[in-house]
Amino acid sequence: MNLIKKWQYPLFWLMTFAGVWCVLLWFGTASLQRQQEVQLFIPQWNVVGPMLASPGGLSAVLACFLVQSYHSALAVLAINGIVVATAALLVRLLLEAIGARRTESSILAIAAAVALLKAHISQFYVLDGTVAIVLMLAAVVAYMHCSRLWAKIIAAAISLPLLYMASGQMVAIYGAAILVASVLKRDRQWYVAAAGALIAAAIVAIHIRLAVSVPITDGIYSLRYQQSQMHFESFVYYIWLRFAVVLLAAAVLAALMKLLAGRRHYDVVAPAVASLAVLALAWYCRPDAYETKSEEMDRLALLEQSDDWDAIINLVGSRATVDEASLNYLNLALACKGELADSMFHYNQISPNSLIAEWDRSYYMSVLLSNIHYRIGDLAQSEGYAMEGLTLAKRGGSPLMMQRLADIALARGEKNLADKFIGILSSMPHYRRWQPQLPDASKQFFANDSLKLTCDVKTDTLWMAHLDGKPMGRIAWQYLGCSYLLGRKLDAFAEFIRRYGNYGADGPLPIHFQEALMLIAENDPSILEVAQVSDDVKQRFATFNEVASQIFSDTPEARAMLTARFGRSYWFYCFFKRSV
């Protein structure tokens with residue numbers, strides 16, 4: 001028992017660290033891993049120096065250094081576990097400094113970890129915010145452990161300017177924290193904390209007045225407002241202010257428990273109340289639909305970066321409902337495996353945008369569309385989306401999109417431009433040894449000037465332009481043909497088959513292409529002289545027509561029979577699927 005008491009703080013930290021590790025292992029690791037690709041940080045003094053000289057620079061530099069290692073999932077778990085567990089330990093020490101018992105302070109400190117975990121899984125948050133919170137909590141705990149008047153004055157005088165330079169406008173929350181903690185502790189020298197709070201407020205007021213950066217007052221606005229902003233600072237302030245509310249609630253609750261100490265059943269009621277408060281906060285902070293969707297998309301993006309096509313197919317194919325972006329990943333995986341035109345309609349394709357979704361002016365969609373067009377060989381489109389992604393990244397650009405621009409420059413023979421991008425990337429530890437790698441058949445990229453289209457061009461227009469160019473390998477060939485099938489443009493598909501045939505491959509056309517040819521042959525039998533259709537497909541089409549003739553009565557039995565037998569065919573999509 002004495003041993004546990006002696007090591008209580010390390011044990012609390014380790015247990016909190018393990019809890020954070022398990023939570024992030026279940027949810028959030030993929031979103032956190034992608035943080036490194038939206039922060040272009042070059043660890044050189046000409047970059048670091050100006051950052052340190054600005055308010056909040058230390059937090060930003062420390063966070064950027066840590067995020068550099070986010071390529072590894074283990075590093076993500078370890079770094080986030082360390083900072084969140086450290087924040088929770090500091091909250092516990094603060095509550096104990098106010099006078100709370102160790103049991104209640106330990107339970108309430110978990111609330112801080114829960115609140116920070118909620119922030120960390122958001123794609124709008126950056127690690128700077130938590131680093132600043134840890135520095136602020138450390139300063140508050142240090143101040144609260146000062147017992148003499150002169151010590152408090154010195155602590156406040158030193159911490160205020162240092163914390164302002166290290167964490168920026170977090171100094172305002174620091175001032176409020178030491179004042180509230182002093183009042184709840186019933187410190188007779190509370191006026192020192194009050195003076196510190198006023199000075200902190202004045203510092204931030206001057207900061208806002210001089211428009212040094214986004215004001216912390218922007219954090220009071222709603223979550224929807226924060227998500228619509230193009231900068232991350234506002235969302236960080238949003239988290240800071242709400243973390244301050246959680247900290248205040250924990251401190252007030254701890255102070256109330258202190259007043260009730262010694263009463264009947266206190267040893268049971270107090271921990272139960274603290275636990276219920278933490279559980280209520282945990283329920284409130286559970287991942288919402290948007291965060292769940294973001295985590296799924298980030299997981300798909302990481303799989304696409306590692307060319308793990310089977311994992312993408314299994315992940316998306318197992319879902320009951322899918323959206324266009326998920327189908328973009330699925331269809332890209334099928335195309336890269338050479339199975340798109342054979343297996344596409346085995347899955348719930350919902351519209352022509354299932355191949356290439358419309359651009360929503362976000363970084364993550366820019367990355368997806370750039371990668372799809374690059375693998376097809378459409379360099380102009382890929383470059384356009386890569387430039388958009390570079391601009392929309394949170395901090396300074398995107399190393400991932402800079403890699404893509406280097407690939408494109410090298411594919412075009414622009415070696416000097418490629419070397420420029422490679423030179424910038426080589427300044428970052430993880431990318432120091434990276435070299436561009438061209439995809440297979442790289443010499444067959446599109447060369448037609450008509451393909452230099454804007455990023456918001458419609459998919460149909462894009463693929464019509466491809467008829468006059470030369471596709472790069474079978475990926476582009478599959479995409480072009482399947483785009484006509486999804487759009488139900490059978491006349492354009494017939495012209496496509498007459499022009500390209502099976503694109504030089506031996507053997508029959510893919511299954512879905514054969515199914516489309518049977519529909520075309522009903523009005524134009526000559527198409528079967530250009531490309532052959534297997535006897536099995538012909539027999540299935542005849543059966544489909546027979547069963548489909550009963551479906552127009554719309555009986556549940558007939559529809560169920562048709563879905564069971566032909567739900568994975570192009571015919572079913574063409575006649576019975578409604579595009580959304």
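In this predicted model, the salt-bridge count comes to 21. A few of these pairs are worth a closer look, beginning with one that spans a long stretch of sequence.

Lys118 and Glu291 form a salt bridge in which the closest N and O atoms are 2.8 Å apart. Lys118 belongs to helix H7 (residues 102–120) and Glu291 to helix H15, so this pair ties together parts that lie 173 residues apart in sequence. Is Glu291 buried or exposed? With a relative accessible area of 8%, Glu291 is buried, because the cut-off for that class is under 20%.

A second salt bridge joins the side chains of Asp310 and Lys337, at 2.4 Å from N to O. Here Asp310 sits in helix H16 (residues 309–317), while Lys337 is found in the loop between H17 and helix H18 (340–343), so the link ties together parts 27 residues apart in sequence. Both partners fall into the intermediate accessibility class: Asp310 is partly exposed at 41% relative accessibility, and Lys337 is partly exposed at 35%.

A third salt bridge pairs Arg412 with Glu383, with 2.9 Å between the closest N and O atoms. Arg412 is located in the loop between helix H21 (399–411) and helix H22 (415–425), and Glu383 in helix H20 (residues 379–392), so parts that are 29 residues apart in sequence are tied together. Arg412 has a relative accessible area of 33% and is partly exposed; Glu383, at 26%, is partly exposed as well. Salt bridges also occur as a network, which links Arg34, Glu37 and Asp298.

Attention now turns to the nonpolar interior. The largest nonpolar core contains 93 residues, and those with the most contacts inside it are Tyr363, Tyr479, Phe493, Phe496, Phe513, Leu517 and Tyr570. Helix H24 (residues 473–486) contributes the largest share of this core, nine residues. What does Phe493 touch, leaving aside residues up to four places away in sequence? Its contacts are Gly481, Tyr484, Leu485, Phe513, Ala516, Leu517 and Ile520. Another core, of 90 residues, lies apart from the largest one and has Leu90, Leu116, Leu117 and Tyr238 among its members.

The packing leaves some empty space too. Rolling a probe the size of a water molecule over the atoms shows where such space is left. Three cavities of 30 Å³ or more are present in the structure, and the largest cavity has a volume of about 60 Å³. Its lining is made up of Leu32, Gln35, Val67, Tyr70, Asn80, His120, Ser122, Tyr125, Val126 and Leu127. By class, six of the residues lining the largest cavity are nonpolar and four are polar, with no charged residues.

Among the pockets, the second largest holds about 740 Å³ of space. Its lining comprises 28 residues, of which Gln123, Tyr290, Ser362, Tyr363 and Tyr364 are the closest to the pocket centre. Tyr363 therefore appears in two settings, since this residue also ranks among those with the most contacts inside the largest nonpolar core. Helix H12 (223–228), helix H15 (289–305), helix H17 (324–336) and helix H19 (363–376) each supply at least two lining residues to the second largest pocket. Which helix gives the most to this lining? That is H15, with five residues. By class, the lining of the second largest pocket has 14 nonpolar, seven polar and seven charged residues.

How values were computed:
Residues numbered from 1 in each chain as written. Predicted model: local features only at pLDDT ≥ 70, side-chain atom pairs only at ≥ 80, totals over all residues. Heavy atoms only, no water. 1 Å grid on protein atoms, 1.4 Å probe; cavity = no way out; pocket = protein on both sides within 12 Å on 5 of 7 lines; lining within 4 Å. Points joined across faces, edges and corners; volume = space filled by probe spheres on them. Nonpolar A, V, L, I, M, F, W, Y, C, P; charged D, E, K, R; others polar. Helix = DSSP H or I, 4+ residues; strand = E, 2+ residues; numbered from the N terminus. Salt bridge = Lys/Arg side-chain N within 4 Å of Asp/Glu carboxyl O. Buried < 20%, exposed > 50% of the residue type's maximum accessible area, 1.4 Å probe, protein only. Core = buried A, V, L, I, M, F, W, Y, C linked by side-chain atoms within 4.5 Å. Contact = heavy atoms within 4.5 Å.
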